Amino acid sequence: MKSLLIITSLLAITVDAFTATTGSKTFARRSVGVQASTLSSESSSSTYQAPLSEITKRRNLAIISHPDSGKTTMTEKLLLYGGALQQAGAVRHKAEQRATQSDFLAMEQERGISISSTVLNFDYQDYTIRLLDTPGHQDFSEDTYRALAATDQALMLMDAAKGLEPQTRKLFEVCQLRSIPLFTFVNKMDRPALSPYDIMDQIEQEFGLEPHPILWPIGDGDRFKGVLDRTTNTVHLYQKAEKRGAKAEATEVALDDEQLKDLIGDSELYDKLMEDAELLNEMIPPLDMERVMIGKQSPLFFGSAMTNFGVQLFLDHFCRMGTEPLGRETSKDILITPDYGEFTGFVFKTQANLDPKHRDRLAYVRIVSGKYEKGMKVNHSRSKRQYNLAQAQALFGSDRTSVDEAFPGDVIGINNPGSFAIGDTLYSGNSPIAFPGIPSFSPEKFAYIRAPNPSDYKSFKKGIDQLLAEGAVQALRQRNDENGPLLLAAVGQLQFEVVQARLLSEYKVDSKMEPLGYSLARWVDGGWEAVEKADKDGKLFGIMIVQDQWKRPVLLFRNDWKAASLAEEEKYLQLKPWSAPPAMDD
Ligand code: G4P
């Protein structure tokens, strides 16, 4: 196990403090009474300490799903129950969304939560919830992955009729890499569904994740009556809301109540429910939050976002079971807990020209510890320079409001003078802090890009440099050919469309793209030496060899099969589907 230091200004053991360690990662909500390091004493008098009450009430969540599983619907319903929306349906207009794919700025405005928004904030009961948007759907992009770097837990949303689907699998891998705690919601139970046992089997077999049913369905399709809450043995029977988008009416009745059979009104379903309840009690190991926290067990909920069955119950359980903001390890294995007495945070997304009138540039910062205060000075780990955070914005969909203070778990948008890039750390105080960079994941689309008109070259370069700095796409080149053709790599086609649209609208440059027939990238452990050896032995036939922005070798494959067969010959190359930026010197 790695040696670990916890920086904290609190020496006392906090009552519900939590830590768990996996092979590669340590989480901590707050200080656990570990001897404070020498770094903490100077910070104990800091004015940037976050009050405990602000930390404990925060919950953040990112939703991962395959297109059409109901992520937008679920998001709306969570906002509806959180009081942030009067009526679900107000957030999106799907027909409009689809019609505007090719125009990025219009796309930004029209789509509301689907692209530009980064976080949706709402209060629910005593909690403050940050719903991190993972732009997904048909618009799959690297932003989806990056949102997962900023969250402390995720909700895996599945379509009850379809089970696990490709995009869920991809996103699950990312969650697994960071051992992100995962809640699972099986949606669309109001339609004919797979057996809940089959769904549980799928999750367990494919992901090695043990589902632990909390809400269990009573019937499916037209016979979907409601759910059993296994934590209280209470059955919730729903009436569909008359008006689409309104909250559903529910009747609560104890599982052993003799009226239950009549209330369900379907003796077959009643018998099945009683049988299931007993079987599950015998078969399912107890819920173990420590295993949930390291991504080994997943609280499982069945319901229907569209008809509101089970949504509020999920929200209640999530607030209670979900974690408050977690600390993060620095690149030197120092754990920064949210109650560390200084402000720390990292940039997980940047975006320019959000508002075309002002040509502003924003960096989205996830706060790890301490308090943001308007006008505070922070250090920028990469440049070692100081910046004044004169103004930060809280984000809700496409609306932005200025904030005077923000706390761990929050995402703030700060003005980016052009110096902040994805993965950068900002911190107050004198102890240098640098969190590890955010990994890149295998792109699946590759295309050369150029400006057909030579006189546009200067603007083209300026635009491309800015977009690459924002991480809009990844850039690859031939080995040792800095001025050679630029190969763009993206997770989804939309990223290319965005680059072209923005070059045109913001830099007035027309661009041409030439797609390449590769569909997968792998980074190589062992560097160029290993690649050269494999190449000499004729193992890289049909594989394109390029370098990433840190001049590390990347292999491009035409299909999964080719990558898998090369990976099997382990003596040649160790292939990785993701790469982390080189550690920064902190
Ligand atoms: P996404 O963001 O994951 O892509 O999914 P979205 O919420 O847009 O939902 C995809 C479709 O599935 C929508 O239908 C939506 O109404 C439907 N849906 C979502 N949740 C449920 C559910 O619990 N039960 C049922 N039966 N359907 C659900 P659509 O026809 O594409 O759009 P719309 O006309 O309903 O807006």
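This passage walks through the fold of one protein chain, from the whole chain down to a few chosen spots.

The structure is a predicted model. Its protein chain holds 16 helices and 35 strands. Of the 586 residues in the protein chain, 58% count as buried. Contacts across the sequence are worth a look too: taking those in the protein chain with a separation of 6 or more, 72% come from residues 24 or more positions apart.

A pair of helices comes next. Two packed helices are described by the angle between their axes and by the distance between those axes. For helix α3 (residues 71-81) and helix α12 (residues 311-321), the angle is about 75 degrees and the axes are 10 Å apart. Angles of 65 to 115 degrees count as roughly perpendicular, so that is the label for α3 and α12. On the α3 side, the contact is made by Met74, Lys77, Leu78 and Tyr81, and these meet Val311, Gln312, Phe314 and Leu315 of α12. Sorted by type, the residues of this contact come out as 6 nonpolar, 1 polar and 1 charged.

Now for the sheets. Strands of a sheet pair through backbone hydrogen bonds, and the pairing can be parallel or antiparallel. One open sheet has 4 strands in the order β28-β29-β27-β30, with antiparallel pairing. β28 (474-476) and β30 (512-516) sit at the edges with a single partner strand each, so one side of each has no neighbour in the sheet. From one strand to the next, the twist averages 35 degrees. Zooming in on one pair, β28 is joined to β29 (residues 486-490) by 3 bridges, and the two run antiparallel. Leu476 has Leu487 in β29 as its bridge partner.

A helix goes with this sheet: α14 lies across β27 (445-450), β29 and β30, and runs at about 15 degrees to β27. Helix α14 covers residues 493-507, which makes 15 residues, and its first and last C-alpha atoms are 21 Å apart, close to the 21 Å expected at 1.5 Å a residue. Buried residues in α14 include Leu494, Phe496, Val498, Val499 and Leu503, and Arg502 and Glu506 are also buried. Just past the end of α14, Lys508 takes a positive phi of about 55 degrees.

Pro452 gives a closer view of a loop, the one between β27 and α13 (457-470). Is Pro452 buried, exposed or partly exposed? Its relative accessibility is 35%, and partly exposed covers the range from 20% to 50%, so Pro452 counts as partly exposed. Along the chain, Pro452 and Lys512 are 60 residues apart, yet their C-alpha atoms are separated by 6.5 Å. Leaving aside residues up to four places away in sequence, Pro452 touches Asp510, Ser511 and Lys512.

Another open sheet of 4 strands has the order β32-β33-β31-β34, with antiparallel pairing. Here β32 (544-547) and β34 (574-576) are the edge strands; each has a single partner strand, so one side of each is left without a neighbour in the sheet. The twist averages 40 degrees from one strand to the next. Inside this sheet, 4 bridges join β31 (residues 520-525) to β33 (residues 553-557), and this pair runs antiparallel. The bridge partner of Trp523 is Val554, in β33. Helix α16 (residues 560-568) lies across β31, β33 and β34, and runs at about 130 degrees to β33.

How values were computed. Residues are numbered from 1 along each chain as its sequence is written. This is a predicted model: local features need pLDDT of at least 70, side-chain atom pairs count only at pLDDT 80 or more; totals for chains, interfaces and linings use all residues. Side-chain values use heavy atoms; hydrogens and water are left out. The expected span of a helix is 1.5 Å times one less than its number of residues. Buried means under 20% relative accessible area, exposed over 50%, partly exposed in between (1.4 Å probe, protein chains only). Axes are lines fitted to C-alpha atoms, for helices over the stretch in contact, and angles run from 0 to 180 degrees between N-to-C directions. Angles under 35 degrees count as roughly parallel, over 145 as roughly antiparallel, 65 to 115 as roughly perpendicular and the rest as oblique. Contact means heavy atoms within 4.5 Å. Ala, Val, Leu, Ile, Met, Phe, Trp, Tyr, Cys and Pro count as nonpolar, Asp, Glu, Lys and Arg as charged, and the others, Gly among them, as polar. Two strands pair if DSSP finds at least two bridges between them.
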